[in-house]
Every structure is written in C-alpha cells, then in structure tokens.
Amino acid sequence: MNVPTLQSFIGGRWLGSQPAQVLASAVNGRAVAYTHAETIDFDEALAHARRQGVPALMAMDFQERAARLKALAAYLAERKEQLYAISQHTGATRADSWIDIEGGTGTLFAYASMGSNELPSGNVFHEGPPIQLGKQGKFFGTHILVPRGGVAVHINAFNFPVWGLLEKFAPSFLAGMPCIAKPATATSYLTEAMVRLAHESGLLPEGSLQLVIGSSGDLLDRLQGMDVVTFTGSADTAAKLRANANLIRQSVPFNAEADSLNCAILGPDVMPDDEEFDLFVKEVAREMTTKAGQKCTAIRRAIVPRRHLDAVAQRLRERLAKTVVGDPARDGVKMGPLASHAQQADVAERLALLAQGNEIVFGGGGNAFRPVGDGVAEGAFFAPTLLLCRDGFKNDKVHEIEAFGPVSTLMPYDELDEALALAAKGRGSLVGSLVTRDPKVAARAIPVAAMHHGRMLILEREAAIESTGHGSPLPALKHGGPGRAGGGEELGGIRAVKHYLQRTAVQGSATMLTAVTGEYLRGAAINESEVHPFRRHFDDLQIGDSLLTHRRTVTEADIVAFGGLSGDYFYMHFDEIAARDSQFGKRIAHGYFVLSAAAGLFVSPAPGPVLANYGLDTLRFVKPVGIGDTIQARLTCKRKIDRRRKDDKGVGQGVVAWDVAVTNQHGELVATYDILTLVSKRA
C-alpha cells in the first residue's frame, strides 16, 4: 500500500513531500499517512493572508460571502462519500462521521442562511439603535462592526477533523477574515482531504484558507493586534497558549473552547417507571459511546437521586452491554476505537486515577473485552467504562480528572441543592443536562446551574421528540463555557461573526452617521422628489429617498368602522365616560387604525417594483391619537439589502426597509416603525 505524505497549504501552494511522523489507523494500526518533514515559513503564511486573503475577501460583501459559503457547503456535500471513506480510519462509525462531515457542511449551510438573512450588503454592520447625544437633535452616537483586517488562526482538536475546522471557518469567512487552520495531527489526514476539496471547488478567494499539517511552530509569536486566535482542545493546552507572551503583548483576542467535566442531573421528581428515567439512561449511554466518548461535550458525571442509584446503574449496565465495539466498517458496530494509540494510553492512565477510591460498575477493559473485526488487536479500542463515586463531595478526582473516552462516573445526591453543588464542582462546563418532568424543578435548577455552564439542556418526553441531545452544539446557539471550559464562545449564530469584527463607536450628525452606516437615521438629510419611492426599482432607490404624505383627520366614524371590522371594542375607543377617567382623558383611536391609516397615506396602489410587504419591525405607539386629530406620515428608504436572488422569470430582487414616522397636527410623533418590503430590480 502506498502511504501518502500529507501537505500543508501555505502561500497558495501545497507544501510537503518528505515523510515524517506516521499517522496510524485507529482501527488496525496500519499507516494511513505521514506528516511532512518540511518546515513551514509562517512569515510567508501570514504575509499571504494579509496581502492576498484580506483584499480578496474585502472585495466581496457580507451577502456575497454568505453565497460562497452556501455554494461551498453544496460542493462538499456532493463529495461527502470521499470523506466518509477516510473517516473510518479515525475510529468513527458512520453515525459518528455524520456528526463530523455532514455536521460540518450543515454548519456552512446554517451560516450562509444566517448571513443572507441577518447581515447587510456592504462591509459595515450597523449595531444600533442610534443614541441622541444632544438636546437639539444635532449630535448622535451609534456602533458599527467592520472587518478587522487581520488573520484568524484556528487550532482544532482531533475528535472532529471536518466540523472542527468548518464551524470556525464559517463565521470568520463571513466576517472577511482569512484563516490559517491547524488541525490536530492525529486525524489531520481527514482535514487535509476536506481542505483539498474546498480549494478544488474554486469557491475560496486566494489566501482565504491555509492549512498547517504538524506543528504550529512560532506562528503565535508573529501575530498582530488585529488578528484572532481560536482554540479547541484540553484545558491545560488552552492555558499554555493563552499565556503566549506575544498574544498578551499585542492584545490578540483568544477564544478557547476546552474539554470539561460536563454533567447530567436526573431530577428528584423522576421515578424509575417514568419515560424520563429511560431518557436519562439513554442520554448518558449515548454520550459515552458516540465518537467513543471523544467529545468535549460528553457526559462525564451522571448525578442521580441516591434512592435511584442502583436502578440507574443497572439500566446503564444493560444498555452498555448491548453496545457492539469494533471495526466501524462492520455491520452492527456501534462504537469504534479511540482516535490513536496515544489517546488510548492517555485514557487508560486517567481511568486508573479515577478508579482510586471509586468503583468500576461496568467495563474497565480486561480479558473479557473483545472488539469485533479483523486486525483490531492492533487498534486503539477502549471498553465503555462506568464508575461509581459514592461521595462526590469527598472525592475531588471525579471533578478534576477527565478521561477523554467512553468513561463516565455515577454519583448520588439527596437534595436538589446537593446535585447543583456537585455540578458546580466541575469549575465550569460546556454543557449540562437536567432531566425532569417538573417545570418547578427546572425553574429552580437552571438559573443556578447556568452560572457554571455555557449551555443547558432540559430533557423530558415532549422535547425528546425533536431534541438534538446533550452533546450536540448547534450553529444558532452559543458553544462554550466558563472556567475550566475556557471562558470562550463559539457558534451562537451572528454572535460568532461579531467575534471576528471590530466594534467601534461613531459620533456625529444624523446625516454623517447615515453616510457611514448605510442606514438612514431619523434627522438626517433626505431626498424628496416627485417620484413616489414605491415607484423606484431596487437599483434606483437611494438611502434617504423620502415621501411626506398628505394629511388625514381622524373621525369618530373611523373608530367605529375599525372597531366593527376588527372586533376590537376596547373601552378606550368606545366608552366616553370610562375614557374620560383614563390617563388620556378622552376616547382615542386604535393603534392599529393609526398604522392602517398611515399605510393608506403612503402606499402607491398601482402595480410597481414593490412586490410585497412581509413585516414590521420596531413598532411603537408613542402618543395617542384622538377624534379630530390630524395625522401625516413620512416614508423614508432606510436600508437596502441585495441578496442577489431572482424570481422564476430571472428578475432580481432586493429587500428594502422603510422608516415610517407618523405625526399629528402639532408635529409630534405618534407612531414609528420599519416596514420590510421585497422590491424588484430593473429587468
């Protein structure tokens, strides 16, 4: 068998031909690939990212980069079987690989969608609302987010060679930051295969993604203040990297997502005959065996009511005994080996420490453990192992030592407060789960547990129908945790993109801030013309294009008619005596009548470029409108987003947000809101 030498992708070329370290299959110990012996010039890598990657990404806007992510996700998804074939060597079953490979492309799709729906055209993200800083309305302040102009260095763990890179790459790419990715060496052959596909797609701008196989050398020593470092791995390694003198001196942002001693708590209300009892057992067993327990989110501590300890232990033993361990290519195998022999030795060493003062109630290896498959004797297999710590307050090892494999520890509690105290002894975790039927238990426990966890799952029979489980980070939700878990945040939707952007406060007049943000701020200069803004195509509309409508006087007949149509006969609109005794001292028009009447004032009824109104944002009724009051509306083009979409006839469309200000005869604001419309482009 010809064993390939992996290559780094540096400076726009593939580097490496001389073999160095052998990377063995976790299944049978045979060589899968070699790392390369050539030294990487990290000055070259950074220079390439700064000179090529940054300008190439900045030549695109948020919407264009989102479209590239979507196309890349589709490209990789079409070629996923190539990655599945390689993934088996990491010890992953088909289900394990699905989490890594399709979880990775799914994350790209998710960020492409979020970017398209939530980010503006251009490269300035206005993080409003603006704040009036002067009494006369001439001086304002707001915040903008802009690309940092630096490089993102991503250092990843061995357990998710594909997803680990893509979940960091997606938000940084959206933010316009080129990436230098360094996967863990043990499984880097799968990462390299994925990066080759990504570059072969032709979708990535020059310099936007570089790959480091092997050591990161002095890369961190060469970074600058506009750069960013993200890390996934052990808490010990995170602490060492965070203390890098150059990162500290340059104030380089460092985001860590570290392994933690995550827990699952069985609520005191759950009985052995309850469906939730089985859900707890299934979740603990699944987290022990998925990826052979090699997940930073795996359940390491299962905290259960003391009266149910024996029942939980028995059901876990029964479930774990049915888990077939062996070659992932074999039908029926549910758990493969650990990722490497080094990992196997590390887990064995840590299990020996955990076993001191605790009981092994299932597994532990020994002669009875026989993985299925050919050649598996040379693999990195490890038996699922369940320990029992009878007093989690006296044995600190279970809260300090993590065996990063299929190992978990049961521990009992008497009162819910004790369970929460045991959970907190982990000194910060990525995720915790509470299995309960009682909303009161959840309301009491979650706020306390949240102090020590980055994510909390509440699991019961209703949520279980769709629950993605304890150990599944999702693109839309934060992934990270306090303390030992690293104190960082990844994913979390657009929050993750903001991590790679520079937030800056901007002060000035409304007109100047409108020019900077690309978003109309009320009080800025407007463009009034005889052409109704609704008659303009998306291409022709300018921020600040505005229409001041004719006036309408509100009558009692309006209120009566609207009440009859809507069925809203609230006393403030119809009871003269009760309304007179209210804070307004008179009958007032329905707020939604004012909204509807304003639409009647500014809508251009004939067919035109405005295709649809699909929502209102920031609606506020500021001041009541009474019988005899006269209202007027100003409609102003506030924001344009070109999503580069076309209808079935090939005509382009964009989204326009309109600022609407409704005033009364005294010029006082009575209602304010944004209208979102779909507007066609010129054919």
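The following paragraphs describe a predicted model of a protein chain, beginning with its overall make-up and then turning to one helix, its cysteines, its backbone geometry and two chosen residues.

The protein chain contains 21 helices and 28 strands, and its C-alpha atoms fill a box of roughly 90 × 60 × 50 Å when this is taken along the principal axes. Of the 683 residues in the chain, 54% are buried. Among contacts with a separation of 6 or more, 75% are accounted for by residues that lie 24 or more positions apart.

Helix 5, which covers residues 163-174, has twelve residues and reaches 17 Å from its first C-alpha to its last, a span close to the 16 Å expected at 1.5 Å a residue. Twelve of its twelve residues are buried, so helix 5 is largely enclosed by the rest of the structure. The buried residues are Trp163, Gly164, Leu165, Leu166, Glu167, Lys168, Phe169, Ala170, Pro171, Ser172, Phe173 and Leu174, a list in which the charged residues Glu167 and Lys168 appear beside nonpolar ones such as Leu165 and Phe169. Just after helix 5, Gly176 takes a positive phi of about 85°.

Two packed helices are described by the angle between their axes and the distance between the axes. For helix 2 (residues 62-78) and helix 5, the packing angle is about 155° and the axes are 9 Å apart. Angles over 145 degrees count as roughly antiparallel, and helix 2 and helix 5 are therefore roughly antiparallel to each other. On the side of helix 2 the contact is made by Phe62, Arg65, Ala66, Arg68, Leu69, Leu72 and Leu76, while helix 5 contributes Leu166, Phe169, Ala170, Phe173 and Leu174. By class, this contact between helix 2 and helix 5 has ten nonpolar, no polar and two charged residues. The charged pair consists of Arg65 and Arg68 of helix 2. An α-helix has 3.6 residues a turn, so residues three or four places apart point the same way. Among the contact residues of helix 5, Leu166, Phe169 and Phe173 illustrate such a spacing.

Attention now turns to the cysteines. A disulfide is a covalent bond between the sulfur atoms of two cysteines. The count for this model comes to zero disulfides, under a rule that asks for two cysteine sulfur atoms within 2.5 Å. Cys179 is in no disulfide, and the nearest cysteine sulfur, that of Cys296, is 19 Å away. Cys179 is buried, with a relative accessible area of 0%. Cys296 is likewise in no disulfide, the nearest cysteine sulfur being that of Cys263 at 15 Å, and Cys296 counts as buried at 7% relative accessibility.

Several places in the backbone deserve a separate description. Most residues other than glycine have a negative phi, and most peptide bonds are trans. Against this background, a cis peptide bond joins Gly128 and Pro129, with omega of about 5°, and Pro129 is found in strand 5, which covers residues 125-132. Thr618, a residue other than glycine, has a positive phi near 55° and lies in strand 25 (residues 610-621). Arg644, which is not a glycine, has a positive phi of about 55°; Arg644 lies in strand 26 (residues 630-646) and is partly exposed, with a relative accessible area of 41%.

Two further residues show how positions separated along the chain are placed in the model. Val655 is found in strand 27 (residues 652-663) and is buried, with a relative accessible area of 7%. When its neighbours within four places in sequence are left aside, Val655 is in contact with Phe538, Tyr614, Arg639, Lys640, Ile641, Arg643, Thr677 and Leu678. Between the C-alpha atoms of Val655 and His36, which are 619 residues apart along the chain, the separation is 49 Å.

Pro268, by contrast, lies in a loop, namely the one between strand 12 (262-266) and helix 9 (275-289), and is partly exposed, with a relative accessible area of 26%. Its contacts, again leaving aside neighbours within four places in sequence, are with Pro305, Arg307, Tyr413, Leu416 and Val441. The C-alpha atoms of Pro268 and Gly426 are separated by 21 Å, and these two residues stand 158 residues apart along the chain.

Note on methods. Residues numbered from 1 in each chain as written. Predicted model: local features only at pLDDT ≥ 70, side-chain atom pairs only at ≥ 80, totals over all residues. Heavy atoms only, no water. Helix = DSSP H or I, 4+ residues; strand = E, 2+ residues; numbered from the N terminus. Expected span 1.5 Å × (residues − 1). Buried < 20%, exposed > 50% of the residue type's maximum accessible area, 1.4 Å probe, protein only. Axes fitted to C-alpha atoms, helices over the stretch in contact; angles between N-to-C directions. Parallel < 35°, antiparallel > 145°, perpendicular 65-115°, else oblique. Contact = heavy atoms within 4.5 Å.
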